[in-house]
Amino acid sequence: MKCAIDTARRTACAAAALLPLVAVLPAPAQAQAFPSRPVTIVVPFPPGGGADTLARILGAHLTKVWKTQVIVDNRPGASGHIGANFVARAPADGYTLMMSSTASLDKKNVGQFAPISLVSASAYVVVVNPRLGINSIKELVARAKAEPGKLTFGSSGIGAASHLSVELFKEVAGIEMMHVPYKGTGQAVTDLLGGTLNLMFAPAQTVMGYVDTGRLKALAVTSAERSKALPNLPTVAEAGVPGYAAVGWFGLLAPVGTPAAVVDKLNKDVNAALREPEIVKQMMEHGAEPSLTTPAEFGTFIRAELEQWTRLIDKLGIVVGG
């Protein structure tokens with residue numbers, strides 16, 4: 001019994017001797033709040049396009065809010081799929097995002113991404129080079145019918161909204177025009193200004209500056225209703241092609257598997273930015289109307305858009321991503 005008591009006392013004394021040491025050990029470090037380091041927004045198109053413009057507007061604001069740098073990284077090619085593949089393979093931690101559009105997603109890769117927030121779903125603008133001598137949608141349709149396949153239109157790539165919206169227009173109007181795909185909207189606009197191309201259905205943020213200075217002529221917007229940002233332009237349907245409507249959208253995505261708490265944080269901060277008067281002003285000046293959604297709502301929107309455009313792609317035998 002005495003041995004047992006002595007052993008217990010020695011154990012207690014040893015434990016007591018350790019107490020001061022235990023007391024001074026540091027507590028486990030708390031998980032750092034997101035984001036704690038720079039965030040990259042990949043734009044799968046060259047600089048100067050709609051996705052690039054919105055990524056830079058949003059990135060500049062989030063840099064101030066998060067007090068850490070937001071980097072815009074242009075990775076063009078394969079109609080947006082090179083950049084999309086890069087983001088899909090990135091760590092699912094919220095630090096690598098993509099400013100996506102129609103072109104960079106398809107039914108094969110959409111499952112590799114977690115929707116964060118729709119940023120803008122706005123009308124495209126039908127613009128022509130003024131030297132073409134076309135001043136309305138009716139005149140455009142008449143010229144295309146008189147000269148099938150002669151008019152050229154540019155896009156940011158095969159399968160992009162700037163491509164598919166024209167294919168839909170051709171189908172509804174019963175005309176033929178020649179498609180010239182580029183790696184990004186900015187490059188196509190350069191050739192449109194130079195006269196190499198005749199027309200484009202382009203994001204307003206990439207062309208309205210040239211319309212304002214007279215270097216391009218705007219004929220209409222592609223949405224079902226007039227744009228709040230461009231109220232003086234008629235819709236394509238109003239201007240002579242009844243039943244036509246299409247929009248170009250841009251939104252933020254993360255790699256699938258990104259923690260829900262990070263996705264929710266990103267969604268909250270992006271939506272807050274899209275409510276800021278200065279951000280709204282900048283976007284509206286570029287012809288882009290802010291759109292606020294939850295991640296689930298954005299996911300539903302993407303699925304509906306993919307279904308609509310996949311039907312057209314399959315019908316016309318368009319090969320996307322080449």
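This report walks through a predicted model of one protein chain, from its overall make-up to a few spots worth a look.

Residues are numbered from 1 along each chain as its sequence is written. Because this is a prediction, local features need pLDDT of at least 70 and side-chain atom pairs count only at pLDDT 80 or more, while totals for chains, interfaces and linings use all residues; side-chain values use heavy atoms, with hydrogens and water left out.

## The chain as a whole

Let's start with the big picture. The chain has 10 helices and 9 strands, where helices (H or I, at least four residues) and strands (E, at least two) are DSSP runs numbered from the N terminus. Of its 322 residues, 51% count as buried. Here, buried means under 20% relative accessible area, exposed means over 50%, and partly exposed is in between (1.4 Å probe, protein chains only).

The accessible surface comes to about 14900 Å², and carbon and sulfur atoms hold 58% of that. Those areas come from the Shrake-Rupley method with a 1.4 Å probe; for residues, only the protein chains shown count as cover. As for contacts (heavy atoms within 4.5 Å), take those with a separation of 6 or more: 77% of them are between residues 24 or more positions apart.

## Rings and charges

A search of the whole structure turns up 7 aromatic pairs. One of them joins Trp-249 and Phe-298, edge-to-face, with 5.7 Å centre to centre and 80° between the planes. The two sit 49 residues apart, Trp-249 in strand 9 (residues 247-255) and Phe-298 in helix 10 (residues 295-316), and so this pair links distant parts of the chain. Both Trp-249 and Phe-298 are buried. To count as a pair, rings of Phe, Tyr and Trp (its six-membered ring) need centres within 6.5 Å; planes under 30 degrees apart are stacked, over 60 edge-to-face and the rest tilted.

Elsewhere, Phe-34, Trp-66 and Tyr-95 form one aromatic cluster. Tyr-95 also has a charge above it: the charged end of Arg-37 sits over its ring, 3.7 Å from the centre. Arg-75 does likewise with the ring of Phe-86, again at 3.7 Å from the centre. A charge sits over a ring if NZ of Lys or CZ of Arg is within 6 Å of the ring centre and within 35 degrees of the ring normal.

## Salt bridges

The whole structure holds 11 salt bridges, each a side-chain nitrogen of Lys or Arg within 4 Å of a carboxyl oxygen of Asp or Glu. Among them are these:

| Acid | Base | N to O distance |
|---|---|---|
| Glu-176 | Lys-170 | 3.9 Å |
| Glu-171 | Lys-315 | 2.5 Å |
| Glu-307 | Arg-311 | 3.4 Å |

Glu-171 lies in helix 5 (residues 161-173) and Lys-315 in helix 10, so their bridge ties together parts that are 144 residues apart in sequence. Glu-171 is partly exposed at 35% relative accessible area, and Lys-315 is exposed at 59%. Glu-307 and Arg-311 are 4 residues apart in helix 10, which means about one helical turn separates them. Arg-311 is exposed too, at 53%. Shared partners also join Glu-167, Lys-170 and Glu-176 into one salt-bridge network. In that network, Lys-170 is buried at 10%, whereas Glu-176 is partly exposed at 46%.

## A closer look at Thr-222

Thr-222 is in the loop between strand 8 (217-221) and strand 9, and it is buried, with a relative accessible area of 0%. Leaving out residues up to four places away in sequence, Thr-222 touches several others, including Ala-123, Phe-201, Val-236 and Tyr-244. Its side chain reaches the backbone nitrogen of Tyr-124 at 2.9 Å. A polar atom of that side chain also lies 2.7 Å from the backbone oxygen of Ala-246. Thr-222 and Ala-246 are 24 residues apart in sequence, but 5.3 Å apart in space, C-alpha to C-alpha.

## Backbone oddities

Most residues other than glycine have a negative phi, and most peptide bonds are trans. The peptide bond from Phe-34 to Pro-35 is cis, with omega near -5°; Pro-35 is in the loop between helix 1 (2-24) and strand 1 (39-43).

Lys-67 has a positive phi of about 60°. This lysine is in the loop between helix 2 (50-66) and strand 2 (70-74), exposed at 76%. Ser-79 has a positive phi as well, near 55°. Its place is the loop between strand 2 and helix 3 (81-88), and at 8% relative accessibility Ser-79 is buried.

Terms used
A polar contact is a pair of N or O atoms within 3.5 Å; within protein, one must be able to donate a hydrogen and the other to accept it, and residues adjacent in sequence count only if both atoms are side-chain atoms.
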